[in-house]
Amino acid sequence: MLINHRITMGEVLDTEDFRDAELVAGGAGLTNELSWVHILETWDDSNKWIDGNELILCSAVGVKKGEQLIPFFKQLLEKKISGFCLQLNMYVDEVPQEMIRLANRHKVPLLVFHRLVRFIDLSRNLIRIILEYVNQDYLLEKQKLDANYWMLDWLNGNISEQRIAEHLEMSRFELKKKYWFITVVEYRKSKITYQWSESIYLSIAKALRMMFEEQQFIFYPFFANGLLTGIVMDYGPNDTWKERFETVTEHINKNLRIQEGKPQLLLACGYRSNDVKDIPRSYKTALGTMDICQKFQGEHHIYEDLNLYFILSLIKDSNHMDDLKDFVMDQIKPLLTFDISHNGKLMQTLKKYYENNGNKQLTAQDLNITRQSLYYRLEQIEDILGMDPLSPQRRLTLEMCLSFYDYFLKMQ
């Protein structure tokens, strides 16, 4: 769950239920936040029950020596738990020194109870506190999204620049010093049906706002036509904005703990401009970018990086599409025929060669082949095409045709 649970291990120790608990190690982790609390014993499979950031309550049922707890504790540390609480004087009488060392190393508070306690009571009370925090967080996040409802007018071009400045509490001069764009958020389409709920939307919106802020953006989320949408203000270095945006996309998927088989979260970025009146255009291009991302499962999700894909998406219904396909095949058929008959990789090599702007060393590294192997392939390409593929006019045509060919393949 992405909505932050602000209760920390230090606050847990301050509760009435934990007044008799002793902190024996991991004091540096008292700021660790809790997502949940679990009662687990050594026979439980941590991979099945633990997501991370939980407090684990353990009575060591059936354990004869404290050292038997160490492998179990290591597994829990690998799952990034927030804390571990052990009941002493039932099955074990003292904490192994290795557990103390590990708790200090990983900054995970290790608590012990010397008197017998009812874990069911501890967990019930902690869960109640956690849910109180969740409800407060949920309502606060909903209020923030509702407060951005006016941005729908901005999206549709129905608001003046002066009113935008007033809503954002900025001067019109300040507005023009920043860059602005729209991002829309969706899960990548797959065979898995992912059911959205308001809590999921709000959790993602909050996480994105924090992650954008870390990368020198301000993210203003709201809902538009059923999609989580955001107007993004960029106040960071202009030459790093794409890298910073990609970092947000990467981090949000890590934060969501995307598991194998689960769809990835996509953030599509529209036209970027320092004129706030371009937001309607940014929204339109963000939707188009998302459509292309979903349709072709491509790596690029920034409008200006789509290159020929966006152009082709605009002419897909043209009466001349068949003529375009014939032209593309005329240009690349010699290489394609060679690859099919010789199980070769000349098309792949030429694409990578163009991507690296003719840099042979980088191309060989990307293809994981030797420089000599690359030289041989380039000689074959030149012989088959009858000319240098880097000659300006030939390169422009071939590079476009290779992109068109990929497009046609994915359209099938």
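Asparagine 356 counts as buried, at 16% relative accessibility. This residue of the predicted model sits in the loop between H14 and H15. Apart from neighbours within four places in sequence, asparagine 356 is in contact with Leu362, Thr363 and Asp366. One of these partners, leucine 362, belongs to helix H15, which covers residues 360-367. Leucine 362 is partly exposed, its relative accessible area being 38%. Its C-alpha atom lies 9.0 Å from that of lysine 352, a residue 10 places away along the chain.

**The chain as a whole**

The chain contains 17 helices and 9 strands. It has 412 residues, of which 47% count as buried. Where contacts join residues at least 6 apart in sequence, 68% of them link residues at least 24 apart.

**Helix H13**

What length should H13 have, and what span do its end C-alpha atoms show? With 22 residues at 1.5 Å a residue, H13 should span 32 Å, and its end C-alpha atoms are 30 Å apart, which agrees. The helix nevertheless has a kink of about 60° at isoleucine 332, shortly before proline 334.

Several residues of H13 are buried: Met321, Leu324, Val328, Gln331, Ile332, Leu335, Leu336, Phe338 and Asp339. Isoleucine 332 is thus named both as the site of the kink and among the buried residues.

After H13 comes asparagine 343, with a positive phi near 50°. This residue is in the loop between H13 and H14. Is asparagine 343 buried or exposed? It is exposed, with a relative accessible area of 71%.

**Two helix pairs**

Two packed helices are described by the angle between their axes and the distance between the axes. Helix H13 (residues 321-342) packs with helix H14 (residues 346-355) at an angle of about 130°, and their axes are 8 Å apart. That angle makes H13 oblique to H14. On the H13 side the contact is made by Ile332, Leu335, Leu336, Phe338 and Asp339, and on the H14 side by Leu346, Met347 and Leu350. By class, the residues of this contact are 7 nonpolar, no polar and 1 charged. The H13 residues in this contact, Ile332, Leu335, Leu336, Phe338 and Asp339, also appear in the list of buried residues of that helix.

A second pair is formed by helix H3 (residues 70-78) and helix H4 (residues 97-106), which pack at an angle of about 10° with axes 10 Å apart. H3 is therefore roughly parallel to H4, as an angle under 35 degrees counts as roughly parallel. Ile70, Phe73, Lys74 and Leu77 of H3 meet Glu98, Met99, Leu102, Ala103 and His106 of H4. The residues in the contact of H3 with H4 comprise 6 nonpolar, 1 polar and 2 charged.

**Helix H9 and the loop after it**

Arginine 209 is part of helix H9, residues 198-214. Leaving aside neighbours within four places in sequence, arginine 209 is in contact with Glu141, Lys144, Phe219 and Pro221. One of these, phenylalanine 219, is 10 residues from arginine 209 along the chain, and their C-alpha atoms are separated by 5.2 Å.

Glutamine 215 is in the loop between H9 and strand E7 (217-224). With a relative accessibility of 16%, glutamine 215 counts as buried. Beyond its neighbours within four places in sequence, glutamine 215 is in contact with Arg244, Thr247 and Val248. Threonine 247 is 32 residues from glutamine 215 in sequence, and the two are 7.8 Å apart in space, C-alpha to C-alpha.

**Loop residues and their accessibility**

Asparagine 53 is in the loop between helix H2 (46-49) and strand E3 (54-58). Its phi is near 70°, a positive value in a residue other than glycine. Asparagine 343 also has a positive phi, about 50°, although it is not a glycine. The table sets out relative accessibility for four loop residues.

| Residue | Relative accessibility | Class |
|---|---|---|
| Asparagine 53 | 31% | partly exposed |
| Glutamine 215 | 16% | buried |
| Asparagine 343 | 71% | exposed |
| Asparagine 356 | 16% | buried |

How values were computed
Residues numbered from 1 in each chain as written. Predicted model: local features only at pLDDT ≥ 70, side-chain atom pairs only at ≥ 80, totals over all residues. Heavy atoms only, no water. Axes fitted to C-alpha atoms, helices over the stretch in contact; angles between N-to-C directions. Helix = DSSP H or I, 4+ residues; strand = E, 2+ residues; numbered from the N terminus. Parallel < 35°, antiparallel > 145°, perpendicular 65-115°, else oblique. Contact = heavy atoms within 4.5 Å. Nonpolar A, V, L, I, M, F, W, Y, C, P; charged D, E, K, R; others polar. Buried < 20%, exposed > 50% of the residue type's maximum accessible area, 1.4 Å probe, protein only. Expected span 1.5 Å × (residues − 1). Bend = angle between axes of the 7 residues up to and from the residue.
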